[in-house]
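Q: Please take a close look at a single part of this structure and explain how that part is placed within the whole. A formal, connected account for a newcomer would be welcome.

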Amino acid sequence: MAASYIIDTSSIEKEGSEADRLISLTSLQGSSLPAIMEAVDKAWKLASSGVHGMALRSPLEMMGFEHSQMDVILDMVLTRKRTRQKYIDGSDLFFTSEGLRWATPEIAAEHCARRLAGPQVVDVTCGQGGQVLSLSKVSDRVIAVDIDPLNCLVALMNCISRKISNVTIVNGDCFDHVPIGMAEEGCAIFCDPARPPVSVRRELSEMVPDPRKVLRSYGDIAAGSCFEVPPYISMDKVDFRCEAEYVSIEGRLNRLNLYTGNLYVCERSAVLLPGGEVLKGIPGSALVDRPITGERVGCYAYEVDPSVVRSDLTSQLVAGMGEHVSVHGLDGRRVLLVSNERIDHPFLKQGYRILAAGVPDRDLNTTLIMLGAGKVTLRYGIDPEEYWKVRLGLEENLNGRKKVQLFKAGGYLVLEKMEDRGI
Ligand SMILES: C[S@@+](CC[C@H](N)C(=O)[O-])C[C@H]1O[C@@H](n2cnc3c(N)ncnc32)[C@H](O)[C@@H]1O
């Protein structure tokens, strides 16, 4: 497929006919860019003032839109409400529901854009422009490529809405000679490939486009690349040299960025957002399998941020913390750090007081009663269908006031949350 449409946001007035050609490839055909943007904005104002459903169609009909056009416009209107979940002030942005679903959240996009900043960045899978908005703030020029004409059109609308003038949008296959020809020597490549809704093999070959094919096409031109892939991808199956950066947002693992070329800093890194704290190093497990025993009652337990667990940087984290700290892997996903002193570290999430440890199944009920427990949150791998049955079964014998957290580390581990994060 030939790369057909190139639109430079610095001369959008002159590029009107090019935008019309792009529109003609979508279900919005027959309309114009200003009319579509105005319709979304007007219908959004009506929706915000309480007008809903079918009542939103008649004003659009009066503006001359046909049913197929209205479906896309109304989808963008209804999606705008949710845009603010990903973009701090997203009420001026345009996304379809599908586009927003795949868009990089602003907080992650800003972090990545800072690492890629330079004279030119080529976003080879720009979608509806989520990442482009951030790249355009810190790089001199952004080439934004997408194979889908509607995505390119919506990305263009977002650039216009944010008055961005340093982006060139290219509708076409990123492997076509046109976008490849626009990449300048020494540029940075950003690629957030499409992925299957359910991953079977958890490997790069499921990504569209496959990052390795992007590397083959742009590798000789670009100084470095960043591939944004799901964090479940196994690094054992990544067969090119790269830094694996695991990013968590508000304590939840969000994404894995693979950096190559001059963007490579170290083998593994873990990043906390929004704070921006970074842990770098070489992967190597520091997990201690021995159970947490009763001797540790009264000590403190801390949940290690998932970006550290997934990047296998736990040993890096505890280096220099002293002998009073031990590390315990619980179920592959969770790691607890136990210490007889309070620890203040950004990569430690919640802090707990250890109330009981090594409790066997048969003693669990009496232990919970003795501790004055009333509510029990189960924090070990349990079938979601079983969760409430087990929890209510435990709680029916309890009449205390304490809310406890139940982990499994050898026997049961009963913890109480420290409200102040425990530091
Ligand atoms: C996950 S989305 C990108 C979202 C984007 N980062 C954002 O923040 O909005 C992946 C995009 O890759 C595009 N894509 C897939 N194969 C492509 C190809 N060969 N060339 C260009 N774009 C492609 C899809 O159309 C889709 O819009």
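A: The shell around the ligand consists, by class, of twelve nonpolar, eight polar and four charged residues. Here Ala, Val, Leu, Ile, Met, Phe, Trp, Tyr, Cys and Pro count as nonpolar, Asp, Glu, Lys and Arg as charged, and the others, Gly among them, as polar. The model is a predicted one, in which local features need pLDDT of at least 70 and side-chain atom pairs count only at pLDDT 80 or more, while totals for chains, interfaces and linings use all residues. Residues are numbered from 1 along each chain as its sequence is written.

Of the 24 residues around the ligand (C-beta atom, placed from the backbone, within 6 Å of it), Thr125, Gly127, Gly130, Cys174 and Asp192 come nearest. Helix H7 (130–138) and strand E3 (141–146) each supply at least two residues of this shell. Such elements are DSSP runs numbered from the N terminus, helices (H or I) having at least four residues and strands (E) at least two. The protein chain contains 14 helices and 17 strands.

The part chosen for the close look is strand E7, residues 243–249. Five of its seven residues are buried, so E7 is largely enclosed by the rest of the structure. A residue is buried if 20 or more other C-beta atoms, placed from the backbone, lie within 10 Å of its own, exposed if 12 or fewer, and partly exposed in between. Across the protein chain, buried residues make up 42% of the 423 residues.

E7 pairs with two strands, pairing requiring at least two DSSP bridges. Strand E8 (residues 252–259) runs antiparallel to E7 and is joined to it by seven bridges; there, Val247 stands opposite Arg255. Two residues lie between the strands of this hairpin, in which Glu250 takes a positive phi near 50°. With strand E9 (residues 268–273), E7 pairs in the parallel sense over six bridges, and Leu273 in E9 is the bridge partner of Ile249.

The surroundings of E7 extend to a domain boundary. An automatic or database assignment divides the protein chain into domain 1 (5–26 + 97–278) and domain 2 (294–417). In domain 1, 15 residues are in contact with eleven residues of domain 2, contact meaning C-beta atoms, placed from the backbone, within 7 Å. E7, E8 and E9 are the elements that give two or more residues to the side of domain 1 that touches domain 2. The largest share of that side, five residues, comes from E9.

How values were computed: Two residues are in contact if their C-beta atoms, placed from the backbone, lie within 7 Å.
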